[in-house]
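Colleague: Please take me through one part of this model in detail. I would like to see the packing at its centre, and then what surrounds it.

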Amino acid sequence: MSDTARLTIERRDESGAVKPESFEVPFEPGQSVLDGLRWIRVHKDPTLAFRYSCLNANACKECMMEVDGEVVYACLARLEPREIRVAPLSNKPLVRDLVTEIAPPAERLHGKKRP
Ligand code: FES
């Protein structure tokens, strides 16, 4: 069994064109996809954008993204020693990398002016 996971992340360049990037991540059983993304941000690319708040309590719901084409919570999706494709939610406006606008419009900071 390989001790490496390969995360291929759907990112976009300045023009908005999809530009997948692959990262080799050390694999240990029990890790989540979110653990792999955090490893990439610490060791390979500090600019990689994704959201999370609770790590694995499944409480914040901020880590939603698409893993191998399915909408999942990255903190619950298991990392595996194979290639895993990671993409932002396809039905939400993209902010950057794996971050999408998930707050309802009325709750966004720029959504309403105060009286
Ligand atoms: S990090 Fe909070 S639900 Fe995944």
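Which residues of the largest nonpolar core touch the most other members?

Modeller: A note on the source comes before the answer. This is a predicted model: local features need pLDDT of at least 70, side-chain atom pairs count only at pLDDT 80 or more, and totals for chains, interfaces and linings use all residues. Residues are numbered from 1 along each chain as its sequence is written.

Now the core. L7, V33, L34, L37, C63, A74 and V86 touch the most other members, out of 19 residues in this core. A nonpolar core here is a set of buried Ala, Val, Leu, Ile, Met, Phe, Trp, Tyr and Cys residues joined through C-beta atoms within 7 Å. Buried means 20 or more other C-beta atoms within 10 Å of the residue's own; exposed means 12 or fewer, and partly exposed lies in between, with C-beta atoms placed from the backbone. β1 and α1 each supply at least two residues of this core. The most comes from α1, with four residues. Helices (H or I, at least four residues) and strands (E, at least two) are DSSP runs, numbered from the N terminus.

Take A74 next. Leaving out residues up to four places away in sequence, A74 touches S32, V33, L34, L37, C63, M65 and V67. Contact means that the two C-beta atoms, placed from the backbone, lie within 7 Å.

Then the helix. In α1, the buried residues are V33, L34, D35, G36, L37 and I40. Their cover includes β1, β2, β3 and β5. Helix α1 spans residues 33-43 and lies across those strands, at about 95° to β2. Axes are lines fitted to C-alpha atoms, for helices over the stretch in contact; angles run from 0 to 180 degrees between N-to-C directions.

Under the helix comes the sheet. Five strands form an open, mixed sheet in the order β2-β1-β5-β3-β4. Its edges are β2 (18-26) and β4 (70-73), each paired on one side only. The average twist is 35° from one strand to the next. Two strands pair if DSSP finds at least two bridges between them. Strand β1 (residues 4-12) pairs with β2 in the antiparallel sense, over nine bridges. One of the bridge partners is V18 in β2, which sits opposite R12.

Two loop residues deserve a look. K61 is in the loop between α1 and β3. Its phi is positive, about 65°, although K61 is not a glycine. K61 has 13 other C-beta atoms within 10 Å, so it is partly exposed. D97 also has a positive phi, near 50°, and is a residue other than glycine. D97 lies in the loop between β6 (94-96) and β7 (99-100). D97 counts as buried because it has 22 C-beta neighbours inside 10 Å. Most residues other than glycine have a negative phi.

Last, the whole chain. The protein has one helix and seven strands. From the N terminus on, the elements run β-β-α-β-β-β-β-β. Buried residues make up 22% of the 115 residues. Among contacts with a separation of 6 or more, 43% join residues 24 or more positions apart. The C-alpha trace spans about 60 × 35 × 25 Å along its principal axes. The radius of gyration is 15 Å, which agrees with the value near 13 Å for a compact globule of 115 residues. That radius is taken over C-alpha atoms, and the globule rule is 2.2 Å times the number of residues to the power 0.38.
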